[in-house]
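Visitor: I would like to learn how to read the surface and the core of a protein model. Where should we start?

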Amino acid sequence: MDWAMVFAALGIGVVVGLTGMGGGALMTPMLVLGFGVSPLTAVSSDLITSAVMKPAGSIVHARYGTVHWRLVLWLMIGSVPAAFCGALIISAVGELTGVQAFVKTALGAVLLLAASLLGFRAFIGMRNRARERRDGTSTQRSDTADVPVKIVPTLIVGVVGGLMVGLTSVGSGSFIIIALMMLYPLLSMNRLVGTDLVQAVPLVFAAAIGHLFFGDVHWEIVIPLMIGSVPGALIGARFSSVLPSGIVRRALALVLLAAGLRLLNVDITWTIAAVAVAFVAATFGWMGLRKANGLEPTWHQEHKNHPEENS
């Protein structure tokens with residue numbers, strides 16, 4: 001048993017429980033960069049682990065009724081076959097050019113996209129809060145309203161998200177929920193998160209099955225990941241209502257930026273410089289955006305007024 005891997009997975013599980021995202025985006029690069037696991041093995045093993053972790057959170061949301069089931073259905077129609085096809089594409093690429101280099105490059109690019117989407121998600125949330133405060137529109141969002149499904153855009157989101165997960169194990173908790181926020185602005189955040197978690201279960205299962213057939217699953221890696229990540233996710237979920245997950249998300253974006261650059265073979269010096277510049281730019285840029293939208297400049301007030309964001 002690799003106990004270092006167990007404790008690393010425990011920490012990642014806590015982040016997932018706190019924020020609802022970051023599982024594949026952290027687990028796979030941790031295996032590649034921290035433990036020297038080959039990219040394909042890391043993706044395959046992480047997907048098997050996620051197939052065990054994902055159902056827990058989805059059951060809670062289903063029990064509390066914060067799931068838009070018709071939206072889940074149309075997302076599944078697009079994402080499930082696409083996720084399985086992601087493993088097929090990896091198999092085909094491996095025969096032609098070298099699967100490890102392909103997966104590593106794809107993973108690095110998707111991590112950079114995920115880091116950008118984290119910032120975009122925060123911006124959308126901040127803009128919506130400012131609009132609610134200015135126009136009094138908060139009552140339009142609901143955990144129970146029957147918001148109609150936009151079928152074609154939802155199918156496209158499912159297909160793109162499914163391919164991303166099948167190729168890199170990243171996307172179910174980053175790309176898809178951002179797209180849902182843009183397509184369905186009247187859904188409450190709780191319902192968006194619940195819908196995303198539930199649709200991720202069959203998506204990850206399809207990708208995991210594909211990687212069992214065409215990937216490179218190593219059970220000596222999967223078992224330590226499960227032992228650490230499952231209790232970690234439960235611990236994170238337990239404290240998600242009292243800890244400032246917004247701060248965790250911002251740190252996560254910087255970690256994803258660094259991991260993505262390193263997977264794309266960017267020199268460590270330039271990676272550190274890029275992360276430092278991103279931190280400074282994001283800090284002052286965020287303060288300016290909040291001020292421009294008439295919101296308080298500190299996370300303390302934001303957390304006090306909107307504790308539901310930590311769920």
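Guide: Start with the nonpolar surface patch, to which helix α8 gives the most, with four residues. Keep in mind that this is a predicted model.

Visitor: Which residues form the nonpolar patch on the surface?

Guide: The patch consists of M1, W3, F7, L88, I209, L212, F213, F214, W219, I223 and I227, and together they have about 1200 Å² of accessible area. Two or more residues each come from α1 (3-19), α8 (189-214) and α9 (219-239).

Visitor: Is L212 buried, partly exposed or exposed?

Guide: L212, which lies in helix α8, has a relative accessible area of 48%. Exposed would require over 50%, so L212 counts as partly exposed.

Visitor: How do I read a pair of aromatic rings?

Guide: Two values describe such a pair: the distance of the centres and the angle of the planes. The count here comes to two aromatic pairs. In one of them, F84 and F214 are 6.0 Å apart centre to centre with 75° between the planes, which is edge-to-face.

Visitor: Which parts of the chain does the pair of F84 and F214 tie together?

Guide: F84 belongs to helix α4 (residues 69-96) and F214 to helix α8, so the pair ties together parts 130 residues apart in sequence. The rings of F213 and F214 have centres 6.2 Å apart and planes at 45°, so that pair is tilted. Ring pairs thus link F84, F213 and F214 into a cluster.

Visitor: How exposed are the residues of that cluster?

Guide: F84 is partly exposed at a relative accessible area of 28%, and F214 is partly exposed at 32%. F213 is exposed, with 63%.

Visitor: And what about the interior?

Guide: In soluble globular proteins, nonpolar side chains tend to be buried together. The largest nonpolar core in this chain has 68 residues, and L31, L111, Y184, L225 and L256 have the most contacts inside it. Helix α5 (residues 99-135) gives the most to this core, with nine residues.

Visitor: Which residues does L31 touch, leaving out those up to four places away in sequence?

Guide: L31 touches M5, G36, V37, A42, I221 and L225.

Visitor: How many helices and strands are in the chain?

Guide: The chain has 12 helices and zero strands. Of its 311 residues, 48% are buried. Among contacts with a separation of 6 or more, 82% come from residues 24 or more positions apart. The chain exposes about 14000 Å², of which carbon and sulfur atoms supply 71%.

Conventions
Residues numbered from 1 in each chain as written. Predicted model: local features only at pLDDT ≥ 70, side-chain atom pairs only at ≥ 80, totals over all residues. Heavy atoms only, no water. Patch = residues over 30% accessible without salt bridge, like charges linked within 9 Å, V, L, I, M, F, W, Y side chains within 5 Å. Areas by Shrake-Rupley, 256 points an atom, 1.4 Å probe, with all protein chains shown as cover. Salt bridge = Lys/Arg side-chain N within 4 Å of Asp/Glu carboxyl O. Buried < 20%, exposed > 50% of the residue type's maximum accessible area, 1.4 Å probe, protein only. Contact = heavy atoms within 4.5 Å. Core = buried A, V, L, I, M, F, W, Y, C linked by side-chain atoms within 4.5 Å. Phe/Tyr/Trp six-rings, centres within 6.5 Å; stacked < 30°, edge-to-face > 60°.
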